[in-house]
Amino acid sequence: MAAILGLDISKDTIDACLLDERGEHAKKIANNPKGFGRLERWLINRRAKDIHVCMEATGAYFEGVAEALADAGHLVSVVNPAQIKFYAQSLLSRAKTDAVDARIIAQFCRAQRPPPWKAPSAKERKLRGLVRFCDHLKSTRAAYDVQRQTPNLIKEVHRSISKLIKELDEQIAVVETEIAALIDDDPDLRERHRLLKSIDGVGDTTAATILAEVPQLEEFRDAKAVAAFAGLSSRTRSSGTSVRGSGAICKTGNARLRKALWWPAIVGIRHNPRLRALAQRLRDAGKPSKKIIIAAMRKLLILAYGVLKSRRPFDAALTTA
């Protein structure tokens, strides 16, 4: 039978469980390039062939090993953590350790055969790195700006913070120029960026973030899958007559994407006819402001999916994305 490799991934370590015709084998490695090399050598030593690798989409922690294994020619699947959680519950699994989780992921992969994950290209990885670094610089600048407004701040500290902010502004401008050049130099990225910007509420930064965080957005099977990837699927709590929750979002997806959509959704509610109509319907239904913004975020992402899937610019007059 084909070998199955389940990986339980944390920030610093990876627990691996290999299932093959000879049984079950475990390995623990560091979550860094050196660890990825050790994992590949271990697989070679185990004489594992036709390996199907499966892991959870755990923030950015899975990306390095997923890309390394895909580059090495292995079939890689990246699944929503909720799928593994529900599968573990179906097995009545009570133990909760990294090694046990790796085994459950491997068993899930063997039973369900999840679809393959497509690794981003070198250019897409470069765009992702630049976009995330730019976001980090902006977050650092915002934190310094808040500190600069502290009451009774001594002038020496104020002067130093102002100098740091100026340097950050210069670095942000440099990185934004590099992002724009990278997109403009690639015909496909340039066209997809243009399509995303046709949506009212989506600017340069948001369009670049969507391309960086979801490089194959248009390849999702449907809008529900897109919302689930971002962690923007609604979750209703209702049971019998006693449990009536207001609902929430399933925040198990890409947190960076959700962060990038927050302010564009607010802008879109004011200027995008689709989002404005959606917001008004929810207000009339008595929904709170936060839930309205989250619904607008979800709609904005679905519109992005629509323009990339159809390869046509956004048209507010159409009734469907």
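**Entry 1: α9 and α12**

I looked first at how α9 passes α12, and found a right-handed crossing, where right-handed means that the near helix is turned clockwise from the far one by less than a right angle, and left-handed that it is turned anticlockwise. Helix α9 covers residues 223-230 and helix α12 residues 289-310, and I noted that they pack at an angle of about 125° with their axes 10 Å apart. That angle makes α9 oblique to α12, since angles under 35 degrees count as roughly parallel, over 145 as roughly antiparallel, 65 to 115 as roughly perpendicular and the rest as oblique. The axes are lines fitted to C-alpha atoms, for helices over the stretch in contact, and the angles run from 0 to 180 degrees between N-to-C directions.

I then listed the residues that meet, taking contact as heavy atoms within 4.5 Å: A223, K224, V226, A227 and A230 come from α9, and R298, L301, I302 and Y305 from α12. By class I get seven nonpolar, no polar and two charged residues in this contact, with Ala, Val, Leu, Ile, Met, Phe, Trp, Tyr, Cys and Pro counted as nonpolar, Asp, Glu, Lys and Arg as charged, and the others, Gly among them, as polar.

**Entry 2: ground rules and the whole chain**

I remind myself that this is a predicted model, in which local features need pLDDT of at least 70 and side-chain atom pairs count only at pLDDT 80 or more, while totals for chains, interfaces and linings use all residues. Residues are numbered from 1 along each chain as its sequence is written, and side-chain values use heavy atoms, with hydrogens and water left out.

For the protein chain I noted twelve helices and nine strands, these being DSSP runs (H or I of at least four residues for helices, E of at least two for strands) numbered from the N terminus. The C-alpha trace spans about 65 × 55 × 45 Å along its principal axes. Of the 321 residues, 40% count as buried, that is, under 20% relative accessible area, with exposed over 50% and partly exposed in between (1.4 Å probe, protein chains only).

**Entry 3: α7 and α8**

I turned to helix α7 (residues 187-197) and helix α8 (residues 204-213), whose axes come within 9 Å and cross at roughly 125°; the two are therefore oblique to each other. The contact is made by L189, R192, H193, L196 and K197 of α7 and by D204, A207, A208, I210 and L211 of α8, and it holds six nonpolar, one polar and three charged residues.

**Entry 4: E67 and its helix**

I looked up E67 in helix α2 (residues 63-71), and it counts as buried because its relative accessibility is 8%. Leaving aside residues up to four places away in sequence, E67 touches W117, P120, R125 and R128. The buried residues of α2 are E63, V65, A66, E67 and L69, and they pack against β1 (4-9), β2 (13-20), α1 (33-45), β4 (52-56), β5 (75-79) and α5 (122-148). Just after α2, I found that G73 takes a positive phi of about 100°.

**Entry 5: two positive phi values outside glycine**

Most residues other than glycine have a negative phi. I therefore marked D50, since its phi is positive, near 50°. D50 is in the loop between α1 and β4, and counts as exposed at 66% relative accessibility. N152 also has a positive phi, near 60°, and lies in the loop between α5 and α6 (155-185), where it is exposed with a relative accessible area of 79%.
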